[in-house]
Amino acid sequence: MTSEVSGRLIPVDLYLCADPLLAIAATIGARVLIPAMLVSLVVVAATLVLGRVFCGWVCPMGTALDLTSRIGHSENRYSIRKTHHIKYYLLIGFLAASILGFQLVYHLDPIALITRFFTLVVLPLLVQLSSFAFGVLFNIESFQLPLLNIQASLIDSLLPLEPYFFRSAFLVGIIFLAILALELYSRRIFCQTVCPLGALLGWLSKPQILKRKVDEDCIECGDCRRVCKTNAIPEDYLQTELRECIQCFNCVDVCPVDVISINFRKSEQK
């Protein structure tokens, strides 16, 4: 699929178009079906069959949180399980706001938020730093010609003639950094408690046939529960909260007796 506007093989807004929540919010807001958003049906179809694989394997916010937890050596705090329901209320509230003409979902939808963070916060900072570096290096005569050539090639991206800033950058930066800070307290707090896209995909994952299964030979060591990113494993280790499971396979990897599998076999779990 090519972009008619940019001619790129992969559209720069592919992630945004693939977000089912943004697709619903945009369609409600525009009161018309947006063709570009139909690509989100791929994510919907995958979720119906495989569960929340998007959250576990594709979401860039999830990647940022995993990197943060790895750097900070975060641990799971099981008390967070009590707040899982909050994201579903937020989802209902955001959809209701969209119906009324207020698009609030862009503040917490993970794809929209991380896109806005890099566009409104990171990119302007890179522009400022690169402009400063070019200004310093341009004083060296032997560098001037190469720098002019580089500037000509980057003038539409990192080296605009005038540095720019966005008034909403501070708010976006605070929200994003707060989410990363919460990750240092416990793993995937945002995904478990706040993420409206995760809530939507959790609802859509109800029919999934790719499920976690635990044999009765489980020794109840608790290793699977300890490494579960989203606290999807309750005190009964044989069970799984499928709406919260993001198919990360961590539980399979750490099981010392190899009684855990995630496959398409029938399971009695709910």
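Q: What makes the meeting of the side chains of Arg226 and Asp223 a salt bridge?
A: A salt bridge is defined as a side-chain nitrogen of Lys or Arg within 4 Å of a carboxyl oxygen of Asp or Glu. The N to O distance between Arg226 and Asp223 is 3.7 Å, and the pair therefore satisfies the definition. This is a predicted model, in which local features need pLDDT of at least 70 and side-chain atom pairs count only at pLDDT 80 or more, whereas totals for chains, interfaces and linings use all residues. Residues are numbered from 1 along each chain as its sequence is written, and side-chain values use heavy atoms, with hydrogens and water left out.

Q: Where do Arg226 and Asp223 lie relative to each other?
A: Both residues belong to helix α12 and are 3 residues apart, about one turn of the helix. Helices here are DSSP runs (H or I, at least four residues), as are strands (E, at least two), each numbered from the N terminus. Under that scheme the protein chain has 13 helices and 2 strands.

Q: Why is Arg226 called neither buried nor exposed?
A: Buried means under 20% relative accessible area and exposed means over 50%, with partly exposed in between (1.4 Å probe, protein chains only). Arg226 has a relative accessible area of 46% and is therefore partly exposed. Asp223, at 22%, also counts as partly exposed.

Q: Which residues form salt bridges with Glu244, and how do you know that they qualify?
A: Arg52 meets Glu244 at 3.8 Å, N to O. This pair links distant parts of the chain, 192 residues apart: Arg52 is in the loop between α3 (40–50) and α4 (53–58), and Glu244 is in the loop between α12 (223–227) and α13 (250–254). Lys87 meets Glu244 at 3.0 Å, N to O. Here the separation is 157 residues, from Lys87 in helix α6 (residues 86–99) to Glu244 in the loop between α12 and α13. Both distances fall within the cut-off, so both pairs are salt bridges.

Q: Are Arg52, Lys87 and Glu244 buried or exposed?
A: Arg52 has a relative accessible area of 1% and is therefore buried. Lys87 is buried at 0%, and Glu244 is buried at 3%.

Q: How many salt bridges does the rule give, and which residues form a network?
A: The count comes to 7 salt bridges. Asp66, Arg187, Arg188 and Lys229 are linked in a network of them.

Q: Why is the packing of α5 on α9 called parallel, perpendicular or oblique?
A: Helix α5 (residues 60–72) packs against helix α9 (residues 169–185) at an angle of about 45 degrees, with the axes 8 Å apart. The helices are therefore oblique, because angles under 35 degrees count as roughly parallel, over 145 as roughly antiparallel, 65 to 115 as roughly perpendicular and the rest as oblique. The axes are lines fitted to C-alpha atoms, for helices over the stretch in contact, and angles run from 0 to 180 degrees between N-to-C directions.

Q: Which residues bring α5 and α9 together, and of what classes are they?
A: Met61, Ala64, Leu65, Thr68, Ser69 and Gly72 in α5 meet Phe176, Ile179, Leu180, Glu183 and Leu184 in α9. The contact has 7 nonpolar, 3 polar and 1 charged residues. Contact means heavy atoms within 4.5 Å. Ala, Val, Leu, Ile, Met, Phe, Trp, Tyr, Cys and Pro count as nonpolar, Asp, Glu, Lys and Arg as charged, and the others, Gly among them, as polar.

Q: What makes the arrangement of α5 and α7 fall into its angular class?
A: The axes of α5 and helix α7 (residues 110–137) come within 8 Å and cross at roughly 70 degrees. That angle makes α5 roughly perpendicular to α7. Pro60, Met61 and Ala64 of α5 make the contact with Pro110, Ile111, Leu113 and Ile114 of α7. By class, the residues divide into 7 nonpolar, no polar and no charged.

Q: What makes the backbone at Gln247 and Phe249 noteworthy?
A: Most residues other than glycine have a negative phi. Gln247 is not a glycine, yet its phi is positive at about 55 degrees, and Phe249, also not a glycine, has a positive phi of about 70 degrees. Gln247 lies in the loop between α12 and α13, as does Phe249. Gln247 is buried at a relative accessible area of 1%, whereas Phe249 is partly exposed at 28%.
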